[in-house]
Amino acid sequence: MIKLETPLTEQSVRDLHVGDTVTITGRLYTGRDSVHHRIHEGTKPPVDLKGQIIYHCGPVMVKEGDQWVCKAAGPTTSSREEPYQFEVMRDYGIRGVIGKGGMGEKTLNACREYGAVYLHAIGGAAQVCAASIKRVDGVDWMDLGSPEAIWHLWVEDFMAIVTMDAHGQSLHKNVFEESRTRLAALKA
Amino acid sequence: MTATAPLRDVSADPALFQTLLELIRRTSTQLPDDVVRAVTSARKDEAAGSNAEVALNVIGCNIGLARESSLPLCQDTGTILFYVHTPVAYDQIEFEEVATEAVRRATKLGYLRQNSVDSVTGKNTGDNTGPGSPVFHFHQWREPHVEVKLMLKGGGCENMNAQYSLPHPDFGGRDLKGVENAILDCILQAQGQGCGPGILGVCIGGDRGSGYGYAKEQLLRTMEDTNSEPALADLEQRIVEKANQSGIGPMGFGGKTTLLACKIGTQNRLPASFFVSVAYMCWAYRRRGVVVGAEGEAREWLY
Ligand code: SF4
């Protein structure tokens, strides 16, 4: 288990390899389809993303008094951000992405070039993820709707597995190739 | 079959409203026992210390946490699908209105995420209602009581549904071999995306619309349910065995547990068409049901 603290340094990210289990403590910003789309269209992000991690997540948030409370917060499918993710790495210096399902070549290349990793949370494990979210410190772009907004989360020991590293390795690519060969051999 | 019912005073029907609200709460927060059994028994198949084992352990832990804290198993509380059987002459419109109110309340209480988005403007209605949400499938039957089954099907797995038209150069002809190869392709393509280990509902036949609908209805069967048609029972078993030899594993991390179950049904088709429709369900396989008594009270919980 490797402990990470955000904001991440380039070195700490380049030390990670596919298959590593990490736990993250610090700030996470949620950002999914609409956020990436809006940034891609030219709007500057409302927060400084340098060294930060973007969490592909549309949480269930409920307001209790003045305070937002996170009721469920597992990862969402990352491949939808494939057209945009590399730009956010290049232009705003994020060092990590948490999501599920992995991403494609563009993102993998950007991970290598700019020093970033893709971290896979356990899909659907909304309560395990929520348990490590200790506070909700703010929210931006609420006009996009609650699941699509940028939530400022404070996490402790948030667990994830490195499935794409800064060395050009992708667990997703490896498993896909292997399973394609195996399933071809099992064809009816 | 879907509608936005007008805001309604539920005081006329407090028992049915409470029953449906409780059905939603249970469905979102408590995985059915048959699914829990399948996930639990898969854990021992994975190598100690593997990423696959980590994934299944976290899933197991998540199932327990959600149940204890009465919070959603997964933040994507999905498409809200009601399958309702009613006696002849039962007021289905009223049921729809009460159920829609229960959905609104469940959203406020955080059992459901705000999940209904206008497809043109992108605006979230904020309460899970709107054209097509929730979804109602009504059937009349000759029983004297109302039976409600509810399924919550998340977007990640719904996106991995697939429909094949046979014959196909890669998969084969209009026979069970062609069907088998098409389903295996769906499993290959869905890897990593639909929060596996998955469960498949399959329809052979029908038209493009009814095929997908019936494939989803197969997911109302329990994990242990065996197909009464021996050829299909064999196929269901073979699909699971082959999927689990693919090496895809939980979350697509690699491993032995790729599929927990496969349920196949058939509909007649036109001579010109042969569709295989596959509904891919994630491990967060949320389905519950209730038998409703004459006063709207919960008479028996299903699953
Ligand atoms: S696919 Fe299922 S488990 Fe995964 S995020 Fe969607 S609803 Fe949750």
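Biologist: What radius of gyration does chain B have, and what would a compact globule have with 303 residues?
Modeller: Chain B has 20 Å, which agrees with the value near 19 Å for a compact globule of 303 residues. The radius is taken over C-alpha atoms, and the globule rule is 2.2 Å times the number of residues to the power 0.38.

Biologist: Is this predicted or not, and how is it numbered?
Modeller: This is a predicted model, where local features need pLDDT of at least 70, side-chain atom pairs count only at pLDDT 80 or more, and totals for chains, interfaces and linings use all residues. Residues are numbered from 1 along each chain as its sequence is written, chains are lettered from A and ligands numbered from 1 in the order in which they are written, and side-chain values use heavy atoms, without hydrogens and water.

Biologist: How many helices and strands in chain B?
Modeller: Eight helices and nine strands. They are DSSP runs, helices being H or I with at least four residues and strands E with at least two, numbered from the N terminus.

Biologist: What share of chain B is buried?
Modeller: 61% of its 303 residues, buried being under 20% relative accessible area with a 1.4 Å probe, protein chains only.

Biologist: Switching to chain A. Which residues of helix 3 are buried?
Modeller: In helix 3, residues 82–92, they include Tyr84(A), Phe86(A), Val88(A) and Met89(A), and also Glu82(A) and Glu87(A).

Biologist: What covers them?
Modeller: The cover includes helix 2 (33–40), strand 3 (53–55), strand 6 (96–99) and helix 4 (105–114) of chain A.

Biologist: What comes just after that helix?
Modeller: Gly93(A), with a positive phi of about 70 degrees.

Conventions
Buried means under 20% relative accessible area, exposed over 50%, partly exposed in between (1.4 Å probe, protein chains only). Contact means heavy atoms within 4.5 Å.
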